[in-house]
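Please have the sequence and the coordinates open side by side before reading on. The paragraphs below go from the overall fold to the confidence of the model, and then to individual residues and a pocket.

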Amino acid sequence: MTADAERHRGARSSPALLRLTPAATILRTAATIGLGMIPMHRLPRAVQAGAALAPAIALTGIIVAAQRRTGTEDEDETTAGHPAPAPAPATDPATDTVDPVPADAPSSQRKDPTRWVPLLAFSGTMGAALAGAVLAGIRMDRAIEMALRRREVPAPRLIIGLASGAVSLGMDVIENRAPTSR
């Protein structure tokens, strides 16, 4: 980042939407209350599965993309300043044709399945953990609503929504009061 851009950003480095301003805080709290009032456990199983799998698949893709980008940057840094030798074209003994990608090419050019295994295992594990957390949250939501209904609390979904809004507001206030590292 240039010095000019850093000066314009000021002491706060978080984006404007994430800063604790009255309008943004009210909007986030209202959205949290509204989302907290949705009874996810009453939706069809396919919708519940989609609500769990869509973010999990997105997270898996983001992690794979980030790791791939990090891997190519590391290779670029290790080979920086060292010109790559011109490799001799490799021939396939079965067909006597020239292999378009030589064996000593950077791994970003080769399809190395052993390199993908740990990457997919890690990103798949994170995606599965997120899907499990969403499904556990749906089950907890059902348990909380049933407990409130057993206690004959009027409008349990409204109470759940207000409680989630209060937690969101509390987290915003705590985050604003926390000292910044910069």
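Read along the sequence, the protein chain follows the pattern α-α-α-β-β-α-α, which amounts to five helices and two strands, where helices (H or I, at least four residues) and strands (E, at least two) are DSSP runs numbered from the N terminus. This is a predicted model, in which local features need pLDDT of at least 70 and side-chain atom pairs count only at pLDDT 80 or more, whereas totals for chains, interfaces and linings use all residues. Residues are numbered from 1 along each chain as its sequence is written, and side-chain values use heavy atoms, with hydrogens and water left out.

The confidence of the prediction is expressed as pLDDT, the predictor's own score for each residue, from 0 to 100. For the protein chain the mean pLDDT is 78, and 63% of the residues reach 70 or more. Among the elements, helix α1 (residues 3-9) has the lowest confidence, with a mean of 48, while helix α5 (residues 156-177) has the highest, at 92. Over residues 1-8 the pLDDT stays under 50, and for this segment the model has three contacts beyond four places in sequence, a contact being a case of heavy atoms within 4.5 Å.

Two values describe the chain as a whole. Of its 182 residues, 17% are buried, with buried meaning under 20% relative accessible area, exposed over 50%, and partly exposed in between (1.4 Å probe, protein chains only). Among contacts between residues at least 6 apart in sequence, 68% join residues at least 24 apart.

Helix α5 offers several examples of such pairings across the sequence. R157 is found in this helix and counts as buried, because its relative accessibility is 10%. Leaving aside neighbours within four places in sequence, R157 is in contact with G36, M37, I38, P39, H41, D141 and E145. The C-alpha atoms of R157 and G36 are 7.5 Å apart in space, although the two residues are 121 apart in sequence. A polar atom of the R157 side chain also lies 3.0 Å from the backbone oxygen of I38.

Further along α5 is S168, which is buried because its relative accessible area is 15%. Not counting residues up to four places away in sequence, S168 touches R28, T29 and T32. D172 lies in α5 as well, and at 10% relative accessibility D172 counts as buried. The side chains of D172 and R28 are joined by a polar contact of 3.2 Å; such a contact is a pair of N or O atoms within 3.5 Å, where within protein one must be able to donate a hydrogen and the other to accept it, and residues adjacent in sequence count only if both atoms are side-chain atoms. From C-alpha to C-alpha, D172 and T29 are 9.2 Å apart, with their positions 143 residues apart in sequence.

The loop between α4 and α5 holds two residues with unusual backbone angles for their type. Most residues other than glycine have a negative phi. E152, in this loop, has a positive phi of about 55° although it is not a glycine, and E152 counts as exposed because its relative accessibility is 69%. A155, placed in the loop between α4 and α5 too, likewise has a positive phi of about 55° without being a glycine, but A155 is partly exposed, with a relative accessible area of 43%.

What, finally, is the volume of the largest pocket? The value is about 360 Å³, obtained as the space filled by probe spheres set on grid points that are joined across faces, edges and corners. On a 1 Å grid over the protein atoms alone, a pocket is an open set of points where a 1.4 Å probe fits, with protein on both sides within 12 Å along at least five of seven lines, and lining residues have an atom within 4 Å of a point. The largest pocket is lined by 16 residues, of which L35, G36, M40, G137 and D141 lie nearest its centre. The elements that give two or more residues to this lining are α2 (22-36), α4 (113-150) and α5, and the largest share, seven residues, comes from α4. By class, the lining has 10 nonpolar, four polar and two charged residues, where Ala, Val, Leu, Ile, Met, Phe, Trp, Tyr, Cys and Pro count as nonpolar, Asp, Glu, Lys and Arg as charged, and the others, Gly among them, as polar.
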